[in-house]
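Keep the viewer open and follow the stops in order. Each stop gives a selection to make and then says what is there.

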Amino acid sequence: MRESVLTASRSGSAPDVLVARPARPEDAEQIALLSAPFVERGLLVARAQAELAARSQDFVVACEGDRLVGCAGVAPAGDSLVVYNLCIAADRQGRGIGRDLVGMAESTARRLGCSALLALTRHGGKWFGQLGFTEVPANETRDEWRALFRPGRKSSLYRLSLTSEQSGNRSTPACRLKQTKE
Ligand SMILES: CC(C)(COP(=O)(O)OP(=O)(O)OC[C@H]1O[C@@H](n2cnc3c(N)ncnc32)[C@H](O)[C@@H]1OP(=O)(O)O)[C@@H](O)C(=O)NCCC(=O)NCCS
């Protein structure tokens, strides 16, 4: 797996160096702490630290030094990949970190030959729409995607098609992360 380096520019000061890398089991505590405020607001599904540790191989984390400022997990869903538990620390939002983590998930999905990248969200539809995702109408939801929905949560499913004829002219910028080998 590779480590990626992102430089988030901030006018008037030295740029912060952000590193995106595969998560390790010992990151689970920080992933849980990062996710907690968004779980509290109902934006993310609550996951125990033990579950996050067990699923750490699903996750990419964005770090500023020792501080974990963003994370995203991916899991297979039929011939697609679903991005989940995507969140960025409140004081680091709006700097392109979320977009880059989704870009990395997209690269993984393409490498695996997936036909689409999926995201379930309650309030993030507009944001995913900016990245080229479109909402999947209920009558087009495939059986293998139904298991993604949590009972009682009114989430909508968004889909980014990765088949060349459908994704060829979307305006989503390519992932800007510089790739470096670990
Ligand atoms: C949604 C979330 C992951 C976005 O991450 P982020 O790092 O703040 O977003 P980015 O900076 O990468 O945003 C990329 C673009 O979307 C825009 N954007 C940011 N927040 C937005 C919003 N709420 N609605 C619409 N557009 C938004 C940015 O301005 C940027 O556009 P630009 O490149 O033209 O300037 C982050 O806000 C978050 O953690 N939210 C809480 C948890 C959550 O809702 N997760 C999604 C559920 S799966």
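## Stop 1: the kinked helix

Select helix 1 and go to Leu34, where the helix has a kink of about 30°, shortly before the proline Pro37. The model on screen is a predicted one. Helix 1 covers residues 28-40, which makes 13 residues. From its first C-alpha to its last it reaches 18 Å, close to the 18 Å expected at 1.5 Å a residue.

Which residues of helix 1 are buried? They are Ala28, Ile31, Ala32, Leu34 and Ser35, so colour these before going on. Then show what covers them: the cover includes helix 2 (49-54), strand 3 (59-64), strand 4 (67-77) and strand 5 (80-88).

Now move past the end of helix 1 to Gly42. This glycine follows the helix and has a positive phi, near 80°.

## Stop 2: the whole chain

Zoom out and show the protein chain as a cartoon. It has 6 helices and 9 strands. Of its 182 residues, 32% are buried. Among contacts with a separation of 6 or more, 67% are between residues 24 or more positions apart.

## Stop 3: a hairpin

Select strand 3 and strand 4. They run antiparallel and are joined by 6 bridges. At one of these pairings, Glu64 has Arg67 in strand 4 as its bridge partner. The hairpin has 2 residues between the strands, and Gly65 in this hairpin takes a positive phi near 60°.

## Stop 4: Asn85

Select Asn85, which is found in strand 5. What is the sign of phi at Asn85? Phi is positive here, near 50°, and the residue is not a glycine. Most residues other than glycine have a negative phi.

Is Asn85 buried or exposed? There are 22 other C-beta atoms within 10 Å of Asn85, so the residue counts as buried; the cut-off for buried is 20 or more.

Show the surroundings of Asn85. Leaving aside neighbours within four places in sequence, Asn85 is in contact with Ser35, Leu44, Arg47, Cys71, Ala72 and Gly73. Ser35 was also among the buried residues of helix 1. For a distance to display, take Arg47: Asn85 and Arg47 are 38 residues apart in sequence, and their C-alpha atoms are 9.1 Å apart in space.

## Stop 5: the ligand

Select the ligand and show the residues around it. How many residues surround the ligand? There are 19, and the closest are Cys87, Gln93, Gly98, Arg99 and Gly124. The elements that give two or more residues to this shell are strand 5, helix 3 (97-111), strand 6 (116-121) and helix 4 (125-130). Coloured by type, the shell divides into 9 nonpolar, 7 polar and 3 charged residues.

## Stop 6: helix 3

Stay with helix 3, one of the elements in the ligand shell. Its 15 residues should span 21 Å at 1.5 Å a residue, and its end C-alpha atoms are 21 Å apart, which agrees. The buried residues of helix 3 include Ile97, Gly98, Leu101, Val102 and Met104, and also the charged residues Asp100 and Glu106. Step off the end of the helix to Gly113, which takes a positive phi of about 80° just after it.

## Stop 7: strands 6, 7 and 8

Select strand 6 and strand 8 (residues 156-161). These two run antiparallel and are joined by 6 bridges. Along them, Leu120 stands opposite Leu157 in strand 8. Then add strand 7 (residues 134-135), which also runs antiparallel to strand 8 and is joined to it by 2 bridges. Here Glu135 has Tyr158 in strand 8 as its bridge partner.

Now pick Ala119, which is found in strand 6. Ala119 counts as buried because it has 24 C-beta neighbours inside 10 Å. Setting aside neighbours within four places in sequence, it is in contact with Val82, Val83, Phe128, Phe133 and Tyr158. Ala119 and Leu86 are 33 residues apart in sequence and 9.3 Å apart in space, C-alpha to C-alpha.

## Stop 8: Pro22

Finish at Pro22 in strand 2 (residues 16-22). With 17 C-beta neighbours inside 10 Å, Pro22 counts as partly exposed. Show Ser56 as well: the two are 34 residues apart in sequence and 8.1 Å apart in space, C-alpha to C-alpha.

Note on methods
Residues numbered from 1 in each chain as written. Predicted model: local features only at pLDDT ≥ 70, side-chain atom pairs only at ≥ 80, totals over all residues. Helix = DSSP H or I, 4+ residues; strand = E, 2+ residues; numbered from the N terminus. Expected span 1.5 Å × (residues − 1). Bend = angle between axes of the 7 residues up to and from the residue. Buried ≥ 20, exposed ≤ 12 C-beta atoms within 10 Å, placed from the backbone. Contact = placed C-beta atoms within 7 Å. Near = placed C-beta within 6 Å. Pairing = 2+ DSSP bridges.
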